[in-house]
Amino acid sequence: MKKLLLSMATVALLFTACSDDSKEAPLQEQQIDMSDFYVYTESSENLSSKSANSNKNYTSCYTMEVLNKQLSENPGLEKKMYDVEFHTRKFINAKGKPTNPGGGNTGGSDTEEDIDVLPIDDGLGTITIPVYFHIVLPNANDVTNSQLQSQMNVLNSDFNSSNTNQLPSGATNFVNDATTTNINFTLAGTYRYNNSTASWGTNNAVKAAYPPITPETHLNIWVCNIGGGILGYAQFPGGNSNTDGVVLLHSSLPGGSAAPYNLGRTATHEVGHYLNLRHIWGDGRCNQDDFVLDTPSSDGANYGCPSYPTINCKSTDMTMNYMDYTNDSCMYMFTDGQRNRMRAIFTSGGARASMAGN
């Protein structure tokens, strides 16, 4: 989140050196600030009165609730996620520096400060993620090949279009933040399973019934009826490989019936989690962070298609970000900070490095 004090910045410890004590400390001698790291979160529906504007037929995302349950069942998961976060921050600190920290009025508030983050040259080039779809429905052919290809097209477009032309008039504070990630997705295979189960829930039962295929190198996406109006959930990097991947409500795919969440943006949102992005409001109130410098603070999710500017926590909400809860037609950007965070997990030693051949 954008903050004048960069709480996530690395504190470099400069050790005494006979040759030149003005040189920056080597990376191995730097200490990474992890004081703001957290894993357990509060339900997004409990955070803000903004949830009153949500579509009551659907629950946008259940990823954090699933994470809370996994943490309670697996005491070692928190340490694994800590290690993933440490690697991410170490990489970003070594490669990337924000520009214009505290760069003046952004239009939302006289006291609001803007931080621009530059895209990191990580040397990885274009990252291509092969995708396996597992269609699990009473009639697995109800999801067509055309829908799956449309979903792939949405993913590739969303991860590779800055869409600055869609920003509302006056949103100059977000123009420099919108970015392309240079992450592509290719369809590796589709598996169809006719199964009469009415709803699969969020306890990974569908993954147990139809396990992921080579999750170390492939993104597995299960398409089914989750139940309870839940649109999707994902597993963060660091979790059990037997449950790694994304689960989507079948009707959230492009052309599905889950309007206004039927343009394929549930997949974009959940793949963001899969690539280590938190919800843009940090799943807390104003002082809880999403670990990204160029996203604003907020006190909860946004729903529908909010007007600009929408102001919370003395800053303008980035309601059009894919990691918020707005309607599919009203979300259309990632930030440079989010880009850098996602790509960090593909670097050597990262949680998904094997996908990039590292």
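Is Asn163 buried or exposed? Keep that in mind as you open the structure, which is a predicted model; the answer comes at the last stop.

**The whole chain**

Start with everything shown as a cartoon. You should be able to pick out 7 helices and 9 strands. Now colour by burial: of the 358 residues in the chain, 54% are buried. If you turn on contacts and keep those with a separation of 6 or more, 72% of them come from residues 24 or more positions apart.

**Helix α1**

Select residues 63–73, which form helix α1. Its buried residues are Thr63, Met64, Val66, Leu67, Asn68, Gln70 and Leu71. To see what lies over them, add α2, β6 (232–234) and α6 (265–274), which are among the elements covering these buried residues.

While you are at this end of the chain, click on Cys61. This cysteine is buried, with a relative accessible area of 1%. Then jump to Cys224, which also counts as buried, at 1% relative accessibility.

**From α1 to α2**

Keep α1 on screen and add helix α2, residues 77–95. The axes of α1 and α2 are 8 Å apart, and the two helices pack at an angle of about 120 degrees. That angle makes α1 oblique to α2. Show side chains for Leu67, Gln70 and Leu71 on α1, and for Leu77, Glu78 and Met81 on α2: these residues make the contact. By type, the contact of α1 with α2 has 4 nonpolar residues, 1 polar and 1 charged.

**From α2 to α7**

Hide α1 and bring in helix α7, residues 336–344. Here too the packing angle is about 120 degrees, while the axes of α2 and α7 are 9 Å apart. The pair is therefore oblique, and the crossing is right-handed. Which residues of α2 and α7 meet? On the α2 side, select Glu85, His87, Thr88, Phe91 and Ile92; on the α7 side, select Asn340, Arg341 and Ala344. The contact of α2 with α7 divides into 3 nonpolar, 3 polar and 2 charged residues.

**Inside α7**

Stay on α7 and show all of its side chains. How many residues of α7 are buried? The count is 9 of the 9 residues, so α7 is largely enclosed by the rest of the structure. Reading along the helix, you pass Asp336, Gly337, Gln338, Arg339, Asn340, Arg341, Met342, Arg343 and Ala344. To see the surroundings, add α2, β2 (116–117), β3 (127–137) and β4 (183–194), against which the buried residues of α7 pack.

**The disulfides**

Next, select the cysteines and show them as sticks. A disulfide is a covalent bond between the sulfur atoms of two cysteines. Searching the whole structure turns up 2 disulfides.

Zoom in on the pair Cys286 and Cys313, whose S to S distance is 2.0 Å. The torsion about this S-S bond is about -80 degrees, so the disulfide is left-handed. Cys286 sits in the loop between α6 and β8 (311–312) and Cys313 in the loop between β8 and β9 (315–316), so the bond ties together parts that are 27 residues apart in sequence. Cys286 is partly exposed, with a relative accessible area of 30%. Cys313 also counts as partly exposed, at 23% relative accessibility.

Now move to Cys305 and Cys330, joined with an S to S distance of 1.8 Å. Here the torsion about the S-S bond is about 85 degrees, so this disulfide is right-handed. The bond links distant parts of the chain, 25 residues apart: Cys305 is in the loop between α6 and β8, and Cys330 is in the loop between β9 and α7. Cys305 counts as partly exposed at 43% relative accessibility, whereas Cys330 counts as buried at 18%.

With both pairs on screen, count the bonded cysteines along the chain: the disulfides follow the pattern 1-3, 2-4.

**Last stop: Asn163**

Finally, select Asn163 in the loop between α3 (145–158) and α4 (172–175). Here is the answer to the opening question: Asn163 counts as buried, because its relative accessibility is 16% and the cut-off for buried is under 20%. Show its neighbours too: leaving aside residues up to four places away in sequence, Asn163 touches Tyr322 and Tyr332.

Conventions:
Residues numbered from 1 in each chain as written. Predicted model: local features only at pLDDT ≥ 70, side-chain atom pairs only at ≥ 80, totals over all residues. Heavy atoms only, no water. Axes fitted to C-alpha atoms, helices over the stretch in contact; angles between N-to-C directions. Helix = DSSP H or I, 4+ residues; strand = E, 2+ residues; numbered from the N terminus. Parallel < 35°, antiparallel > 145°, perpendicular 65-115°, else oblique. Left-handed = near helix turned anticlockwise from the far one by under 90°. Contact = heavy atoms within 4.5 Å. Nonpolar A, V, L, I, M, F, W, Y, C, P; charged D, E, K, R; others polar. Buried < 20%, exposed > 50% of the residue type's maximum accessible area, 1.4 Å probe, protein only. Disulfide = S-S within 2.5 Å.
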